[in-house]
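Work through the exercises below with the sequence and the structure open side by side. Try each task before reading its solution.

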Amino acid sequence: MKKELGVLMVVSVVLLSGCGSNKPETVSQGTEESPSKQVTTQPVQDTDAKLLGSSEDGKVKFYTKNDGATLDINGNKKDFSWNVPVDTGTAPQVYYTDVTGDGKEEAVIIIQTGRGTGLNNYDIHVVSAEDLSEIKVQSYEEIVANQIETHVAKKGDDTLDISVKAKGKEYNFNYGFDPVPDQKQDRLGFGDVYIYSLENQKIKLKLGAAVPGTTTYVCDFNVTYKFDSTKNEFVADQIEVKPIEK
């Protein structure tokens, strides 16, 4: 009887030890100088994954999947529910560089999400290499709502008198064509053109402003972001306005 119980106990231990293979894996990172952190990564099924791009040094790889995307940073993988169209004709841009200014690299992914006549949209994602958490980048909607004011006045000669305020600076200029002379317009419209880029480890945004309901663009807002460590967020730091001549 004791022998039979011993066999049963051994079999139970073997069965239990094989049941945890699908659990999230915990990876320890760090050195003696820099205390280790535990990064929990979810299991990634690679059967439907397609490589879309990688950083220049190969340390970051970006995959699309049927239900989202997978990011691989130094062998640690995590799934994200990002919008990743595959028919825009523009490959995602993948970077591994320090954009927060803390001396540690982050993964930066720029994805074209919309393209067409008068339409050019991009999304940007910044992910910490330490714990694979996403760092927020202030959206163009937040910038327009809180830091930009526009006003449009129609003139008798079918031109537009436009005034813009951004980050405390005021710009006034004329646009020599009114695309909808029979419609009342009092402010500029946003949302059809917003293009992110990365220049000298700085996040940039080109934001087009148009006469609402048209593809007539009258000026661009060129935004430079900075990292706010208190908020753990990238926020608009500088906004320059460039009128488009007609």
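The exercises start with the whole chain and then turn to sheets, a helix and the nonpolar cores.

**Exercise 1. The chain as a whole**

Task: State how many helices and strands the chain has, and what share of its residues counts as buried.

Solution: Note at the outset that this is a predicted model.
- Step 1. The chain holds 2 helices and 17 strands.
- Step 2. Buried here means under 20% relative accessible area; 39% of the 246 residues meet that cut-off.
- Step 3. The exposed surface of the chain comes to about 14,600 Å², with 46% of it supplied by carbon and sulfur atoms.
- Step 4. Take the contacts between residues at least 6 apart in sequence: 44% of them join residues at least 24 apart.

**Exercise 2. A sheet of three strands**

Task: Find the order of the strands in the open sheet of 3 strands, and explain why strand 11 and strand 13 each have one side without a neighbour in the sheet.

Solution:
- Step 1. The order is 11-12-13, and the pairing is antiparallel.
- Step 2. Strand 11 (148–154) and strand 13 (169–175) are at the edges; each has a single partner strand, so one side of each lacks a neighbour in the sheet.
- Step 3. On average, neighbouring strands of this sheet are turned by 15 degrees against each other, direction ignored.
- Step 4. Strand 11 pairs with strand 12 (residues 160–166) over 7 bridges. Within these two strands, V152 is opposite I162.
- Step 5. Helix 2 (residues 140–147) packs on the sheet and touches strand 11 and strand 12, its direction making about 70 degrees with that of strand 11.

**Exercise 3. The two faces of helix 2**

Task: Which residues of helix 2 are buried, and which are exposed on its other side?

Solution:
- Step 1. Y140, I143 and V144 are the buried residues of helix 2.
- Step 2. These residues line one face of the helix, because their directions fall within an arc of 95 degrees when seen down its axis.
- Step 3. An α-helix has 3.6 residues a turn, so residues three or four places apart point the same way.
- Step 4. A145 and N146 are exposed on the other side of helix 2.
- Step 5. The cover over the buried residues of helix 2 includes strand 11, strand 14 (193–199), strand 15, strand 16 and strand 17.

**Exercise 4. Two hairpins that share strand 16**

Task: Trace the pairing from strand 15 to strand 16 and from strand 16 to strand 17.

Solution:
- Step 1. Strand 15 (residues 202–210) and strand 16 (residues 217–228) run antiparallel and are joined by 7 bridges. A209 is opposite C219 in strand 16.
- Step 2. The hairpin of strand 15 and strand 16 has 6 residues between the strands, and G213 in the turn has a positive phi of about 80 degrees.
- Step 3. Strand 16 and strand 17 (residues 233–243) are also antiparallel, with 10 bridges. V223 has I239 in strand 17 as its bridge partner.
- Step 4. This second hairpin has 4 residues between the strands, and N232 takes a positive phi near 55 degrees.

**Exercise 5. The nonpolar cores**

Task: Which members of the largest nonpolar core touch the most other members?

Solution:
- Step 1. The core has 38 residues, and I162, Y196, I203, L205, F221 and Y225 touch the most other members.
- Step 2. Strand 16 gives the largest share of this core, 5 residues.
- Step 3. Neighbours within four places in sequence aside, the contacts of F221 include I148, V164, F190, L205 and I239.
- Step 4. Another core, of 16 residues, lies apart from the largest one; F62, A69, W82 and V94 are among its members.

Definitions and conventions
Residues are numbered from 1 along each chain as its sequence is written. This is a predicted model: local features need pLDDT of at least 70, side-chain atom pairs count only at pLDDT 80 or more; totals for chains, interfaces and linings use all residues. Side-chain values use heavy atoms; hydrogens and water are left out. Two strands pair if DSSP finds at least two bridges between them. Axes are lines fitted to C-alpha atoms, for helices over the stretch in contact, and angles run from 0 to 180 degrees between N-to-C directions. Contact means heavy atoms within 4.5 Å. A nonpolar core is a set of buried Ala, Val, Leu, Ile, Met, Phe, Trp, Tyr and Cys residues joined through side-chain atoms within 4.5 Å. Buried means under 20% relative accessible area, exposed over 50%, partly exposed in between (1.4 Å probe, protein chains only). The arc is that of the directions from the helix axis to the C-beta atoms. Accessible areas come from the Shrake-Rupley method with a 1.4 Å probe; for residues, only the protein chains shown count as cover.
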